[in-house]
Amino acid sequence: MGGREGLSDTAVKTARTGYIQRKLVKSLEDIVIRYDGTVRDSSNNLLQKLYGEDSFTAEFIEKHKPPGVDLSLDDFKRKYGW
């Protein structure tokens, strides 16, 4: 009985979180970042003055390089190629 209860509880939670995620994605699908750095919706309403509140994007914050980035193209192909 406990196993069945846990299984049904898991199924209900999965469905509920999936539905919440779907509603969130549908509500955010019309939001875009304009060339001036502002975040706006499809009606051109201003949502944020700067993207991310501080205008930093993650690719410029990280300072380390992943392994293999400093290799030349030939060395990269030789090491990681099929």
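# Reading a predicted chain, feature by feature

A: This is a predicted model. The protein chain has a mean pLDDT of 79, and 80% of its residues reach 70 or more.

Q: Where in the protein chain is confidence lowest, and where is it highest?
A: Look at the elements one by one. Helix α2 (residues 58-61) has the lowest confidence, with a mean of 68. Strand β2 has the highest, at 90.

Q: How many helices and strands does the protein chain have?
A: There are 3 helices and 3 strands. Read from the N terminus, the elements run α-β-β-β-α-α.

Q: How do I read the sheet, and in what order do the strands stand?
A: Start with the general idea. Strands of a sheet pair through backbone hydrogen bonds, either parallel or antiparallel. Now the case here. The sheet is open, has 3 strands and follows the order β1-β2-β3, with antiparallel pairing. The edge strands are β1 (32-33) and β3, and each of them pairs on one side only.

Q: How many bridges join β1 to β2?
A: The count is 2, and β1 and β2 (residues 39-40) run antiparallel.

Q: Which residue in β2 is the bridge partner of Ile33?
A: Val39 is the partner of Ile33.

Q: Let us turn to burial. What share of the 82 residues in the protein chain is buried?
A: Buried residues make up 7% of the 82. The cut-off is a relative accessible area under 20%.

Q: Is Thr38 buried or exposed?
A: Thr38 has a relative accessible area of 9%, so it counts as buried. Thr38 lies in the loop between β1 and β2.

Q: Which side chain does the side chain of Thr38 contact?
A: The side chain of Thr38 makes a polar contact with the side chain of Asp36, at 2.7 Å.

Q: How far apart are Thr38 and Lys49 in sequence and in space?
A: Sequence separation and spatial distance are two separate readings. In sequence, Thr38 and Lys49 are 11 residues apart. In space, their C-alpha atoms are 4.8 Å apart.

Q: What is the phi of Asn44?
A: Check the sign, then the residue type. Asn44 has a positive phi of about 65°, although it is not a glycine. Asn44 lies in the loop between β2 and β3. At 44% relative accessibility, Asn44 is partly exposed.

Q: What is the distance in space between Val32 and Asn44?
A: They are 9.3 Å apart, C-alpha to C-alpha, with their positions 12 residues apart in sequence numbering. Val32 lies in strand β1. Val32 is partly exposed, at 37% relative accessibility.

Q: How many salt bridges are there?
A: The rule asks for a side-chain nitrogen of Lys or Arg within 4 Å of a carboxyl oxygen of Asp or Glu. By this rule the count is 2.

Q: Which side chain meets Lys26 in a salt bridge?
A: The side chain of Glu29 does, at 3.4 Å from N to O. Glu29 is exposed, with a relative accessible area of 53%. Lys26 is partly exposed, at 46%.

Q: Which side chain meets Asp75 in a salt bridge?
A: That of Arg78, at 2.7 Å from N to O. Both residues sit in helix α3 (residues 73-80). Arg78 and Asp75 are 3 residues apart there, so about one helical turn separates them. Arg78 is exposed at 63% relative accessibility. Asp75 is partly exposed, with a relative accessible area of 31%.

Q: Which residues make the nonpolar surface patch?
A: A residue needs over 30% relative accessible area to join a patch. Here Leu24, Leu28, Ile31 and Leu47 make a nonpolar patch of about 340 Å².

Q: Where does Leu47 lie?
A: Leu47 lies in strand β3 (residues 46-48). Leu47 has a relative accessible area of 45%, so it counts as partly exposed.

Terms used: Residues are numbered from 1 along each chain as its sequence is written. Side-chain values use heavy atoms; hydrogens and water are left out. Patches are made of residues with over 30% relative accessible area and no salt bridge: like charges are joined within 9 Å, nonpolar side chains (Val, Leu, Ile, Met, Phe, Trp, Tyr) within 5 Å. Accessible areas come from the Shrake-Rupley method with a 1.4 Å probe; for residues, only the protein chains shown count as cover. Helices (H or I, at least four residues) and strands (E, at least two) are DSSP runs, numbered from the N terminus. Buried means under 20% relative accessible area, exposed over 50%, partly exposed in between (1.4 Å probe, protein chains only). Two strands pair if DSSP finds at least two bridges between them. pLDDT is the predictor's confidence in each residue, from 0 to 100. A polar contact is a pair of N or O atoms within 3.5 Å; within protein, one must be able to donate a hydrogen and the other to accept it, and residues adjacent in sequence count only if both atoms are side-chain atoms.
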